[in-house]
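Student: I would like a close look at one part of this predicted model. Please take a single stretch and follow it outward to whatever adjoins it.

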Amino acid sequence: MSGMQFWYQISKTLAEKAAWKFAEENGLDVVVINPGSVLGYSLQPALNASNAVVLDLINGIVPC
């Protein structure tokens, strides 16, 4: 996977770090939900893992 960009992972990590910092500074609690799959328009040029599952289903391939 050399050279592959991980936009979702990077944005999720940065957003979560910002949320934890904001919560700590303002005396708030934070709840983090990490989804098993992310569906929708893809911002990256390559097929991501979540959309690959949907494509497999469309093509009649049932995941195990």
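Tutor: Lys 12 has a relative accessibility of 23%, and it therefore counts as partly exposed, since that class lies between the buried limit of under 20% and the exposed limit of over 50%. Its salt-bridge partner is Glu 16, with 3.5 Å between the closest N and O atoms. Glu 16 is likewise assigned to the partly exposed class, because its relative accessibility is 25%. Both residues belong to helix 1, where a spacing of four residues places them about one turn of the helix apart. Side chains of opposite charge can pair when their charged atoms come close.

The count of salt bridges comes to two. Besides the pair just described, Lys 21 forms a salt bridge with Glu 25, and here the closest N and O atoms are 3.8 Å apart. Lys 21 and Glu 25 also lie in helix 1, four residues apart, or about one turn of the helix. Lys 21 and Glu 25 are both exposed, whereas Glu 16 is partly exposed.

From Glu 16 one can pass to Val 30, which is 14 residues away in sequence and 9.3 Å away in space, taken from C-alpha to C-alpha. Val 30 sits in the loop between helix 1 and helix 2. Its relative accessibility is 21%, so Val 30 is partly exposed rather than buried, a class that requires a value under 20%. Beyond residues up to four places away in sequence, Val 30 touches Ala 19, Trp 20 and Ala 23.

Helix 1, which spans residues 7-26, also takes part in the largest pocket: helix 1 and helix 2 each supply at least two residues of its lining. The largest share, four residues, comes from helix 1. The lining has 23 residues in total, and those nearest the pocket centre are Tyr 8, Gln 9, Val 38, Gln 44 and Asn 48. The space in this pocket amounts to about 500 Å³.

Val 38 leads on to helix 2, for it is one of the residues in contact with Asn 51, together with Leu 39, Gly 40 and Ser 42, once neighbours within four places in sequence are left aside. Asn 51 is found in helix 2, residues 49-58. With a relative accessible area of 17%, Asn 51 is buried. Ile 58 is also in helix 2, but its relative accessible area of 65% makes it exposed. Ile 58 joins Leu 39, Leu 47, Val 54 and Leu 55 in a nonpolar surface patch of about 480 Å².

Note on methods. Residues numbered from 1 in each chain as written. Predicted model: local features only at pLDDT ≥ 70, side-chain atom pairs only at ≥ 80, totals over all residues. Heavy atoms only, no water. Buried < 20%, exposed > 50% of the residue type's maximum accessible area, 1.4 Å probe, protein only. Contact = heavy atoms within 4.5 Å. Patch = residues over 30% accessible without salt bridge, like charges linked within 9 Å, V, L, I, M, F, W, Y side chains within 5 Å. Areas by Shrake-Rupley, 256 points an atom, 1.4 Å probe, with all protein chains shown as cover. Salt bridge = Lys/Arg side-chain N within 4 Å of Asp/Glu carboxyl O. 1 Å grid on protein atoms, 1.4 Å probe; cavity = no way out; pocket = protein on both sides within 12 Å on 5 of 7 lines; lining within 4 Å. Points joined across faces, edges and corners; volume = space filled by probe spheres on them.
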